[in-house]
Amino acid sequence: MKLRVKTKVAALFLIMGILLSTIIGYTTYRLSYNQVVDSYADLAFSSALLVADILKGIDLDSYLEHGTDEEYYDIFTRLQNLKRFFNIEFLYVVRPSLHKNESVYIFDIYTEVNDPEHIFQLGEIETEWVVNEYVLKTYLSGINEDSTVITDSIYGHLASAYVPVFAPDGSIQAVVGVDICMDVILRDVRNQTFQILSVALGINALFFVVILILIQRQVLNHIVRLSNHMKNFSADEGGLKWFNVANTGDELQDMSVSFNRMLDAIKHYMQNLEKVTSDRERIATELDVATKIQTGMLPCIFPAFPERDEFDLYASMEPAKEVGGDFYDFFLVDENTLAVVMADVSGKGVPAALFMVITKTLIKNNAQNGKTPAEVFDTVNNLLCENNEAGMFVTAFLGYLDIPTGKFVFVNAGHNPPLIKRAGEHFEWFKTKPGFILAGMEDIVYKQYEAILNKGDELFLYTDGITEAVNNENDLFSDPCLLEAANRYVGMPLKEFTVSIKNEIDIFADGVEQADDITMLMLRYRG
């Protein structure tokens, strides 16, 4: 469930108000409590000192030995008056035992508020007394300072002080205990604290309501308006909807101005996007047409010459982009001569495809004009060098197969060496001496070579998109891998052979995008 900003701010202020009021109340209580405790502790200690001063020099042992006398009752009366004057809860004089947890009472002063039945008489022993340890400590140490103890028990909240009583010879003969009850005053402190806390809560509530109203008007309303506008803004018939700037003179106004600037940017972006999208759609359509045109330029109907039993061939081309620079071709120069072409134009995409169309057309036209493979490349090279400002070039392989005899005349213009498989044997490299590339330099003289294909021999032409395919480790498929893969599929039908080679490349690449065109041509001479 989403919480609105107003709800979050209100909740935050409420929590802050409660927290602040709690801090005020707790601080007030602690300060008042500490002040009361300090005051009562001083009062208890002063009272105990006064009692000790009254008893100083009096032989208390004589009372324990001989009992009460007129002096004893005179002292008792004076201590009663002191107890009433200082509002002392308990006032007693005891002598603790050094070996037992007990104390002998010498005086246990009572007044009208005390029950005489629960007052200890002269010489009575208290054995189960929780303050025996404080009494004994004072009795043994004789220290008058810092002996006040604050306790909270069945007797109430007491400030207790213990002071030694010295005999005429200077020895400690007893301990004065004074307990002053703080219950009433602490109850008043708690009541006052509660009142202060209530007032603080009320003031904070009023203060935060006022602040919340001001923030609502000055901040939240503008944020809500901007939020609703941003949620609902869209392009309509009149264009993007603008936001009325809040004239607050602060960051909210800057935010409103920035939002309208963003709308300007979005408007221009949408206009440019529409134009770019239109251009991309047009380019995509043109590339689709170009792909179809390029595919249509390459012979793709197999078997290519169903009426000829002397040979069989199959070829394929997969561009790295919509259109590519690789191409293959095969055609009959005359009734007894088959021409095969494999070429690779530098670069990729549309420029390479255009250069490919020109190169393919020139090679086929010159070959069908009766020129030898070397003469074809001589002529095509000079024609491609004319106005080649882009500096593009072509690696190509052209071969003529004399169908009746199997003589194979070929020329290599910087292209990858083919693979040849003799009948009953494995593939091996078709040894050629590659010449210079086409369109690299004018007036290059190309040299052609001859070889004999026997019945059952196969020739595999390809482009470097196969040997230079890469995987995730940036390793190349390489020439040895191609030779190994070709020998793995010896004797397969031509189409299945090329498909298998492509599958080997895909497995090796392991999902890496194809970086170059992959073109293959397989020729089998039947004799």
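## Helix H5 and a nonpolar patch

Helices here are DSSP runs (H or I) of at least four residues, numbered from the N terminus. By that rule, Leu201 belongs to helix H5, which covers residues 183-232. This is a predicted model, so read everything below with that in mind.

Leu201 teams up with Leu14 and Ile18 to make a nonpolar patch of about 270 Å² on the surface. With a relative accessible area of 37%, Leu201 itself is partly exposed.

## A negative patch at helix H3

The surface also has a patch of negative charge, where Asp69, Glu70, Glu71 and Asp74 gather. Take Glu70 from that group: Glu70 sits in helix H3, residues 70-85. Its relative accessible area is 72%, so Glu70 counts as exposed, the cut-off being over 50%.

## Salt bridges across the chain

Side chains of opposite charge can pair when their charged atoms come close. In this structure there are 11 salt bridges. One of them brings together the side chains of Arg95 and Asp61, at 1.9 Å from N to O. That pair links distant parts of the chain, with Arg95 in strand E1 (residues 90-96), Asp61 in helix H2 (residues 61-66), and the two positions 34 residues apart. Both partners are partly exposed: Arg95 has 21% relative accessibility, and Asp61 has 26%.

Next up is Lys502, which makes a salt bridge with Glu318, their closest N and O atoms lying 3.6 Å apart. Lys502 is in helix H11 (residues 494-509) and Glu318 is in strand E9, so this bridge ties together parts that are 184 residues apart in sequence. Is Lys502 buried or exposed? At 12% relative accessibility, Lys502 counts as buried, because the limit for that label is under 20%. Glu318, on the other hand, is partly exposed at 36%.

Lys502 has a second link to look at: its side chain meets that of Asp506 in a salt bridge of 2.7 Å, N to O. These two residues are 4 apart in helix H11, so about one helical turn separates them. Asp506 is partly exposed, with a relative accessible area of 38%. Elsewhere, Arg308, Glu310 and Glu335 are joined in a salt-bridge network.

## Arg524 and its polar contact

Arg524 is part of strand E18, which runs over residues 518-525. The side chains of Arg524 and Glu458 are joined by a polar contact of 2.6 Å. Arg524 has a relative accessible area of 19%, so it is classed as buried, the cut-off being under 20%.

## Backbone oddities in loops

Most residues other than glycine have a negative phi, and most peptide bonds are trans. A few spots here go the other way. Which two residues does a cis peptide bond join? The partners are Phe302 and Pro303, with omega about 0°. Pro303 is in the loop that runs between helix H6 (251-297) and strand E9 (311-318).

Asn387 is not a glycine, yet its phi is positive, at about 55°. Asn387 falls in the loop between helix H8 (373-385) and strand E12 (394-402), and it is exposed, with a relative accessible area of 73%. Asp443 likewise has a positive phi, here about 65°, without being a glycine. Its loop lies between strand E15 (427-429) and strand E16 (449-452). Asp443 is exposed too, at a relative accessible area of 60%.

Note on methods: Residues numbered from 1 in each chain as written. Predicted model: local features only at pLDDT ≥ 70, side-chain atom pairs only at ≥ 80, totals over all residues. Heavy atoms only, no water. Patch = residues over 30% accessible without salt bridge, like charges linked within 9 Å, V, L, I, M, F, W, Y side chains within 5 Å. Areas by Shrake-Rupley, 256 points an atom, 1.4 Å probe, with all protein chains shown as cover. Salt bridge = Lys/Arg side-chain N within 4 Å of Asp/Glu carboxyl O. Lys, Arg positive; Asp, Glu negative; His and termini not counted. Charge placed at Lys NZ, Arg CZ, Asp CG, Glu CD. Buried < 20%, exposed > 50% of the residue type's maximum accessible area, 1.4 Å probe, protein only. Polar contact = N/O pair within 3.5 Å; in protein donor to acceptor, adjacent residues only side chain to side chain.
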